[in-house]
Amino acid sequence: MLSERRVLVTGGAGFIGSHLCERLQQEGHEVLCVDNLYTGTRQNIHALLDHRQFEFLRHDVCLPLYVEVDEIYNLACPASPIHYQFDPVQTTKTSVHGAINMLGLAKRVKAKILQASTSEVYGDPAVHPQVEEYWGNVNPIGPRSCYDEGKRCAETLFFDYRRQHGMPVKVARIFNTYGPRMHPNDGRVVSNFIVQALRNHDITVYGDGCQTRSFCYVDDLVDGLVRLMNTPDEVTGPINLGNPGEFTVRELAQTIIDLTGSSSRIVHMPLPVDDPKQRRPDISKADEILGWAPTIGLRAGLVKTIDYFELLLGKQLVEA
């Protein structure tokens with residue numbers, strides 16, 4: 001086991017952040033979880049709150065933070081279209097001001113810092129699968145641009161801090177990730193379909209359903225983030241982290257219907273503006289540099305995620 005470190009996770013009460021906090025705590029590190037609870041919840045970190053080496057701080061990364069840490073994982077930002085489009089100006093501020101504040105903190109305390117970037121930096125890609133050298137095809141003024149361009153600007157800031165100050169930075173480009181603790185109303189395709197299937201509601205597929213996505217289970221993704229952080233300082237990325245298995249949205253819907261035994265029908269709705277037609281990572285760099293590749297297949301991961309939503313929806317029904 002690596003020596004104990006004090007690790008800051010921004011967005012640590014969110015879906016991915018809470019799993020990352022658990023992983024770091026299990027490895028024996030002291031974890032400082034920072035979240036403003038805009039999309040994260042205390043319930044996500046409930047099991048960690050009593051641990052001596054875990055601390056939760058409610059704070060917005062758009063404001064400076066003064067703490068002493070050895071490493072920083074910057075995950076703070078709403079990541080689903082429903083949440084990041086609700087207040088697009090704040091979304092851009094979170095990506096840009098948050099990156100500036102966390103980079104400033106890392107510079108002051110001489111900490112390694114990792115930016116959770118996104119496959120959305122590739123936009124609606126003209127290159128398939130997407131390699132890290134691809135500059136992307138992003139609409140800079142569309143309804144998704146607050147997130148896409150905010151994350152692209154954050155990457156710029158990370159590499160400018162690297163060039164200007166010689167800082168040890170890491171950038172991970174995260175592709176579609178799913179698993180327990182996804183928000184039931186986040187509008188993402190996996191959570192949408194599972195909730196609709198469990199309620200036997202119509203499953204809404206946007207467009208003809210032939211657009212493709214690649215789905216990475218959250219435990220695999222967290223393992224990739226930790227491996228990237230633990231690389232030597234000369235390894236900066238960006239590095240794609242995602243599952244290269246590619247499925248159409250319609251295939252995903254049918255798989256979820258089969259796994260839940262739902263009576264839901266698939267219905268089609270108009271495709272949202274700037275929705276990418278294809279999305280699949282080239283993970284050659286992750287394999288070569290990190291020795292990383294996903295180990296959990298889609299059906300196995302969906303079973304775990306469905307189990308979580310069954311418990312969550314059952315609890316909500318009882319409380320109602």
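Here is a walk through this predicted model, one selection at a time.

**Stop 1: Asp35**

Start by selecting Asp35, which sits in strand β2, residues 30-35. Show its surroundings and you'll find Gly11, Gly12, Ala13, Gly14, Gly40, Phe56, Leu57, Arg58 and His59 touching Asp35, leaving aside residues up to four places away in sequence. What does a buried Asp35 do for a salt bridge? It goes without one: the nearest side chain of opposite charge belongs to Arg58, and that is 7.2 Å away. A salt bridge here would need the nitrogen and the carboxyl oxygen within 4 Å. Now look at the backbone instead. The Asp35 side chain reaches the backbone nitrogen of Ala13 at 3.0 Å.

**Stop 2: Arg181 and Glu22**

Next, pick out the charged pairs. Side chains of opposite charge can pair when their charged atoms come close. Across the whole structure, a search turns up 17 salt bridges. For one of these, select Arg181 and Glu22, whose closest N and O atoms are 2.6 Å apart. Arg181 is in the loop between β7 (177-178) and α5 (189-198), while Glu22 is in helix α1 (residues 15-26), so this pair ties together parts that are 159 residues apart in sequence. Are these two buried or exposed? Both Arg181 and Glu22 are buried.

**Stop 3: Asp160 and Arg163**

Jump to helix α4, residues 145-165, and highlight Asp160 and Arg163. They form a salt bridge, with 2.9 Å between the closest N and O atoms. The two are three residues apart in the helix, which means about one helical turn separates them. Colour by accessibility and Asp160 comes out partly exposed, at 33% relative accessible area, whereas Arg163 counts as exposed at 61%.

**Stop 4: a salt-bridge network**

Then select Arg23, Glu27, Asp223 and Arg227 together: salt bridges with shared partners join these residues into one network. Zoom in on Arg23 and Glu27, whose side chains meet at 2.8 Å, N to O. Arg23 is partly exposed, with a relative accessible area of 23%. Glu27 has 18% relative accessibility, so it counts as buried; the cut-off for that word is under 20%.

**Stop 5: Thr204**

Over to strand β8 (residues 203-206), where you'll find Thr204. This residue is buried, at 17% relative accessible area. Turn on its neighbours: Phe193, Gln196, Val267 and Met269 touch Thr204, again not counting residues up to four places away in sequence. With Gln196 there is also a side-chain to side-chain polar contact of 3.1 Å.

**Stop 6: helix α7**

Select residues 249-260, helix α7. Its 12 residues should span 16 Å at 1.5 Å a residue, and the end C-alpha atoms lie 17 Å apart, which agrees. The buried residues to show as sticks here are Val249, Leu252, Ala253, Thr255, Ile256 and Ile257. Step past the end of α7 and you land on Gly261, which has a positive phi, near 65°.

**Stop 7: the cysteines**

Finish with the cysteines. How many disulfides does the structure hold? Zero. Take Cys216 as a case: its sulfur is 18 Å from the closest cysteine sulfur, in Cys21, so the two are too far apart for a bond. The cut-off for a disulfide is within 2.5 Å. Cys216 is buried, with 0% relative accessible area, while Cys210, at 53% relative accessibility, counts as exposed.

How values were computed. Residues numbered from 1 in each chain as written. Predicted model: local features only at pLDDT ≥ 70, side-chain atom pairs only at ≥ 80, totals over all residues. Heavy atoms only, no water. Buried < 20%, exposed > 50% of the residue type's maximum accessible area, 1.4 Å probe, protein only. Helix = DSSP H or I, 4+ residues; strand = E, 2+ residues; numbered from the N terminus. Lys, Arg positive; Asp, Glu negative; His and termini not counted. Polar contact = N/O pair within 3.5 Å; in protein donor to acceptor, adjacent residues only side chain to side chain. Contact = heavy atoms within 4.5 Å. Expected span 1.5 Å × (residues − 1).
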